[in-house]
Amino acid sequence: MNLPLLLICLLCATHLVAADASLYEQARELYKQGPSKGPEIVRLLQEHTKATPRDIDAFTLLGITLFGIEKPAEALPPIDRAIELANEEKNIRPGILMLRARTLYELDRKWECKKLLEAHWAFWQDNPELKKLYDWYYPKVQDAKNTE
């Protein structure tokens, strides 16, 4: 490959990475403005995650936003993707796991919610915010039965 062509390729790749990061940053800024910006945040993050399919933070923010604008069925795939990426890095993110539990609860998948809350019980104990959520959700699902 000749040098001018290599430089052009590098410039294009740098521009694409910057543009993708810009989409995420735009979404983060819009997130600070509240739920009315939800659809625009979702659009930006969907575009960003297509171009950057390994961005855990973008998938997490997409899941949070969809959950926040009351679209739990749409929120579950990006939440699961964020968990999958975290697992690949051998990284546990309790906040994402709690978001998944809350989403399952909203989807009336109480048994799955219960199993997730029980399996990760220890993670909720050291975080006051997550513990408060656990204490709110678990009593609502503790008697759930597997209906499969």
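This report describes the helices, the nonpolar core and several individual residues of a predicted model.

## Overall architecture

The protein is made up of eight helices and has zero strands. Following the chain from beginning to end gives the pattern α-α-α-α-α-α-α-α.

Of its 148 residues, 37% count as buried. Among contacts with a separation of 6 or more, 54% join residues that are 24 or more positions apart.

## The nonpolar core

The largest nonpolar core contains 39 residues. Within this core, the residues with the most contacts are Leu45, Met98, Cys113, Leu117 and Trp124. At least two residues of the core come from each of helix 1 (3-31), helix 2 (38-51), helix 3, helix 4 (72-88), helix 5, helix 6 (110-119) and helix 8 (128-141). As general background, nonpolar side chains tend to be buried together in soluble globular proteins.

Leu117 illustrates how one core residue is surrounded. When neighbours within four places in sequence are left aside, Leu117 is in contact with Met98, Ala101 and Trp124, and also with Tyr134, Tyr137, Tyr138 and Val141. Two of these partners, Met98 and Trp124, are themselves listed with Leu117 among the core residues with the most contacts.

## Packing of helix 3 and helix 5

Helix 3 spans residues 56-68 and helix 5 spans residues 94-106. The two helices pack at an angle of about 30 degrees, and their axes are 11 Å apart. Because angles under 35 degrees count as roughly parallel, helix 3 is described as roughly parallel to helix 5. The crossing of helix 3 past helix 5 is left-handed.

On the side of helix 3, the contact is formed by Ile56, Thr60, Gly63, Ile64 and Phe67. Helix 5 contributes Ile96, Leu99, Arg102, Thr103 and Glu106. Sorted by class, the residues of this contact comprise five nonpolar, three polar and two charged ones.

## Two buried residues: Thr49 and Asp55

Thr49 is located in helix 2. Its relative accessibility is 9%, so Thr49 counts as buried. Apart from neighbours within four places in sequence, the residues in contact with Thr49 are Ala58, Phe59 and Leu62.

Asp55 belongs to the loop between helix 2 and helix 3. With a relative accessibility of 18%, Asp55 also counts as buried, because the cut-off for that class is under 20%. Once neighbours within four places in sequence are set aside, Asp55 is in contact with His48 and Leu85. Asp55 and Arg81 are 26 residues apart along the chain, and their C-alpha atoms are separated by 9.5 Å.

## Two loop residues with positive phi

Glu70 is found in the loop that links helix 3 and helix 4. Its phi is near 60 degrees, a positive value in a residue other than glycine. The relative accessibility of Glu70 is 70%, and therefore this residue counts as exposed.

Asp108 occupies the loop between helix 5 and helix 6. Although Asp108 is not a glycine, its phi is positive, at about 65 degrees. At 56% relative accessibility, Asp108 counts as exposed, because values over 50% fall in that class.

Key:
Residues numbered from 1 in each chain as written. Predicted model: local features only at pLDDT ≥ 70, side-chain atom pairs only at ≥ 80, totals over all residues. Heavy atoms only, no water. Axes fitted to C-alpha atoms, helices over the stretch in contact; angles between N-to-C directions. Helix = DSSP H or I, 4+ residues; strand = E, 2+ residues; numbered from the N terminus. Parallel < 35°, antiparallel > 145°, perpendicular 65-115°, else oblique. Left-handed = near helix turned anticlockwise from the far one by under 90°. Contact = heavy atoms within 4.5 Å. Nonpolar A, V, L, I, M, F, W, Y, C, P; charged D, E, K, R; others polar. Core = buried A, V, L, I, M, F, W, Y, C linked by side-chain atoms within 4.5 Å. Buried < 20%, exposed > 50% of the residue type's maximum accessible area, 1.4 Å probe, protein only.
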